[in-house]
Amino acid sequence: MKKALIIDDERLARSELKKLLADHPEIVVVGEAVNAKDGIEKIETLHPDLLFLDIQMPDKTGFDLLAELEKAPQVIFTTAYDEYALKAFEYNALDYLLKPVEPKRLADAIHKLHQLEEKDRLATAGGIRTLLSENDQVFVKDGDRCWFVKLQEIRLFESVGNYARVYFETNKPLILKSLNALEERLDERVFFRANRKHIVNLRMIEKIDTYFNGGLLLEMRGGEKIEVSRRQAVKFKEMMSL
């Protein structure tokens, strides 16, 4: 069973989607939200596994909502506009459904969710999710170039849609791995989730500055400047005894 939250400012759109989801009993709608602010509050209280998220809403967009989350659930966008499809997948969207939502397209999107779950289940069963140590080497391939890189040499990971950019030495290749998947295997004592888009190597931080709104700004050994969100800044200070 997967808990779903519908976030859409149109009551009829929410109602129609709920009717379509009745054909998928494994998806349980635990709540509805009418805008981004309402959506964030309900995500924090209901802890859904899946969002059905509209993009154009009165106060903030669906993208704005995701940008405020430290760790987002799986997302299926539901919108009347097709021009945001490319941007949607930069946010690791599972699928992008145009309104009015067609039953077959909804079924296809839910099937993708099941496939992803099965892939994770098999990975877990095979012991693939064991934590990597900082001395472990990871294989990184970018086009014709390949590296074996020790984790301790990687200063940060950056989310780029369904990929992650790996920063080590002067190299910044992309790997086909989401930031959430990487976070599950990295030792949190060494690699810290600074915000929605970045995981940093704590031992590669050169400088820490205060930032606006209660956040922090980290300067990495390679010169990159990474913002630590206000919520994560509290955790960071506790870890670093600041």
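**Loop residues, aromatic pairs and domain layout in a predicted model**

Asn195 is placed in the loop between S11 and strand S12 (198–201). The structure described here is a predicted model. In this model, Asn195 has 13% relative accessibility and counts as buried, because the cut-off for a buried residue is under 20%. Two polar contacts involve the side chain of Asn195. One reaches the backbone nitrogen of His198 at 2.8 Å. The other reaches the backbone oxygen of Glu227, at 2.6 Å. Glu227 also appears in the contact list of Asn195, alongside Glu70 and Ile226, when neighbours within four places in sequence are left aside.

A second asparagine was examined in another loop. Asn171 sits between strand S9 (163–168) and strand S10 (174–175). With a relative accessibility of 9%, Asn171 is buried. Arg145, Trp147 and Val166 are touched by Asn171, not counting residues up to four places away in sequence.

Asp54 carries an annotation. The UniProt record, an unreviewed entry, places the feature "modified residue: 4-aspartylphosphate" at Asp54. In the model, Asp54 belongs to the loop that runs between strand S3 (50–53) and helix H3 (62–67). The relative accessible area of Asp54 is 3%, so Asp54 is buried. Its contacts, leaving aside neighbours within four places in sequence, include two further aspartates, Asp8 and Asp9. Ile7, Gly62, Thr78, Thr79 and Lys99 are also in contact with Asp54.

Aromatic side chains were considered next. The structure holds 7 aromatic pairs. In the pair formed by Phe157 and Phe191, the ring centres are 5.8 Å apart and the planes stand at 55°, so this pair is tilted. The two residues come from distant parts of the chain, 34 residues apart. Phe157 belongs to strand S8 (residues 154–160), and Phe191 to strand S11 (residues 191–193). Both partners are buried. Phe157 has a relative accessibility of 3%, and Phe191 has one of 6%. Strand S11, which holds Phe191, also borders the loop of Asn195. Elsewhere, one aromatic cluster is formed by Phe63, Phe77, Tyr81, Tyr84 and Tyr96.

Helix H1 has a buried side and an exposed face. H1 spans residues 11–21, and its buried residues are Ala13, Arg14, Leu17, Leu20 and Leu21. These residues cover an arc of only 125° around the axis, which puts them on the same side of H1. The face turned away from this buried side carries Arg11, Leu12 and Lys19, which are exposed. Arg14 is thus listed among the buried residues, whereas Arg11 is exposed. The leucines also fall on both lists: Leu17, Leu20 and Leu21 are buried, while Leu12 is exposed.

At the level of the whole chain, the domain assignment gives domain 1 (2–125) and domain 2 (137–240). The centres of domain 1 and domain 2, taken over C-alpha atoms, are separated by 27 Å. Contacts join the two domains. On the side of domain 1, 11 residues take part, and they are in contact with 11 residues of domain 2. The contact between Asn195 and Glu70 can be read against these bounds, which are 2–125 for domain 1 and 137–240 for domain 2.

Methods: Residues numbered from 1 in each chain as written. Predicted model: local features only at pLDDT ≥ 70, side-chain atom pairs only at ≥ 80, totals over all residues. Heavy atoms only, no water. Phe/Tyr/Trp six-rings, centres within 6.5 Å; stacked < 30°, edge-to-face > 60°. Helix = DSSP H or I, 4+ residues; strand = E, 2+ residues; numbered from the N terminus. Buried < 20%, exposed > 50% of the residue type's maximum accessible area, 1.4 Å probe, protein only. UniProt positions renumbered as here; feature names shortened; annotations may be inferred. Contact = heavy atoms within 4.5 Å. Polar contact = N/O pair within 3.5 Å; in protein donor to acceptor, adjacent residues only side chain to side chain. Arc of directions from axis to C-beta. Domains from an automatic or database assignment.
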